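Here are my notes on this model, with the cysteines up front and one strand after that. Have the coordinates open as you read.

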Amino acid sequence: MSAPEPTTMQFIENKTYDDIAVGDHAGLTRTLTARDISLFAVMSGDVNPAHVDADYAKDDMFHHVIAHGMWGGALISTVLGTELPGPGTVFLDQSLKFEAPVALGDTVTVRVEVTKKQAKGRLLLACTCRNQHGTMVIEGVAKVIAPRDKVRRRRVLLPTVRLHAPGAHYARLIAATAPMAPIRTAVVHPCDALSLTAALDAADKGMITPVLVGPRAKVQAAAQAAGRSLDTYRFIDAPHSHAAAAASVALVRDGTVAALMKGALHTDELMEAILDPMLGLRTERRLSHVYVLDVPTYSKPLLITDAAINVAPDLNAKRDIVQNAIDLAHAVGIAIPKVAILSAVETVTPRMSSTVDAAALCKMADRGQITGGILDGPLAFDNAISEAAATAKGIVSRVAGCADILVAPDLESANMMAKQLIYLADADAAGIVLGARVPIILTSRADSAASRLASCALAQLFINRPSPAAP
């Protein structure tokens with residue numbers, strides 16, 4: 001059902017049987033939206049593709065999505081329960097005849113009219129629904145017991161309903177990898193069912209070709225616990241997690257694999273091997289972690305950096321952190337990402353080094369030291385992601401209110417911000433580390449299956465991203 005229309009009426013009251021006369025009528029008008037259809041489908045569980053699948057509906061008899069028939073029936077019930085007779089009404093019987101479909105954008109006018117008063121408080125009411133053209137879409141008869149006692153109650157304030165399809169952003173990322181060849185990936189120490197299953201699921205989707213690196217007995221035990229077979233996968237035996245990390249890094253150095261995927265070992269163990277001055281995978285770019293979050297209350301994917309690698313980055317490190325995030329944004333299809341450099345305030349304040357760094361980073365972008373995105377800062381979190389908050393503070397910016405990337409002052413603030421969105425806003429979080437020779441798929445034990453697949457998709461998209469245009 002759609003949300004109630006705004007009303008100045010603070011109370012709801014009925015008409016008793018004695019106050020009602022034949023010919024009395026009441027009604028309401030609603031315009032059908034996609035939100036109405038989604039809410040009705042969620043409430044009822046009716047996911048008939050004629051109502052919720054536009055691709056299917058275009059080839060059915062009506063050639064477009066239509067409302068559930070009982071959406072109109074529910075509107076009739078609304079009038080009976082809130083207007084005529086109103087609170088205290090007992091529904092006994094309802095007949096409905098569906099004359100025509102209701103399409104998105106149609107405006108339906110509902111009318112119920114008392115046609116007969118019967119003994120024991122019973123009423124018969126004619127019920128009709130007509131669209132904006134006057135076409136009858138539903139007609140029928142309702143039989144109710146009208147209330148005997150007068151009821152006048154303050155209207156109940158209904159809760160706000162937010163609609164979000166879990167994993168919708170991630171589904172698009174995963175779909176974008178379909179034409180791409182799988183990337184050969186060293187899965188480091190996959191010695192529990194969760195991390196091993198994530199790698200094998202990504203292999204099943206054609207995103208990676210896993211090379212399993214770890215103690216053979218432990219990995220096979222994990223496979224048995226997960227009910228999976230390892231017969232078709234390459235395996236490199238390593239006695240423990242440190243050895244598995246070192247062996248996986250060596251596979252990158254000799255060109256055997258094009259990505260790394262963290263298994264059941266601590267991030268520090270993996271990073272120690274990656275950052276080894278002689279045998280690691282350093283480049284001229286600072287390594288940094290980028291979250292790609294699917295937040296139910298935000299209209300697009302939200303990138304947050306750096307929440308896992310750089311504890312207290314200086315200005316040069318922040319430059320690389322920003323550039324890594326921009327490069328990933330390009331890989332996932334954001335042509336010109338909007339980058340908000342965060343602090344607690346929106347003005348440059350010398351006592352707050354994060355505001356000075358934000359201003360410097362924006363000037364670095366002006367001078368071509370950071371490329372591919374639009375930077376603004378310092379910005380506070382609220383006016384970075386809320387247009388209303390930015391407007392209230394008089395901030396004029398191409399980034400404020402619509403940021404694609406949030407750059408935190410330090411690891412602690414980035415990590416807390418991301419975790420708050422995950423646990424208080426039901427966000428899903430995929431993650432990847434960039435700046436090394438190859439992308440590093442960094443998953444967490446708390447990640448959902450969709451998040452783990454999305455993290456693999458990020459690596460595949462990053463490796464296959466178009467080369468930047470020449471200046």
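1. Cys362 has 12% relative accessibility, so Cys362 counts as buried; buried here is under 20% relative accessible area, exposed over 50%, partly exposed in between, with a 1.4 Å probe and protein chains only. The closest cysteine sulfur, in Cys402, lies 14 Å from the Cys362 sulfur, too far for a bond.

2. Cys456 is in no disulfide either, and its nearest cysteine sulfur, that of Cys191, is 17 Å away. At 0% relative accessibility, Cys456 is buried. Taking a disulfide as a pair of cysteine sulfur atoms within 2.5 Å, the count is zero.

3. A word on the basis: this is a predicted model, where local features need pLDDT of at least 70 and side-chain atom pairs count only at pLDDT 80 or more, while totals for chains, interfaces and linings use all residues. Numbering starts from 1 along each chain as its sequence is written, and side-chain values use heavy atoms, leaving out hydrogens and water.

4. Now look at strand S12, residues 288-294 (strands are DSSP E runs of at least two residues, numbered from the N terminus). Seven of its seven residues are buried. In a regular strand, side chains alternate between the two faces of the sheet. On one side of S12 sit Ser288, Val290, Val292 and Asp294, on the other His289, Tyr291 and Leu293, and all are buried.

5. Which strands pair with S12? Pairing takes at least two DSSP bridges. S17 (residues 428-434) is antiparallel to S12 over seven bridges, with Val292 opposite Ala430. S13 (residues 302-305) also runs antiparallel to S12, joined by three bridges, and there Leu293 stands opposite Leu302.

Key: Helix = DSSP H or I, 4+ residues; strand = E, 2+ residues; numbered from the N terminus.
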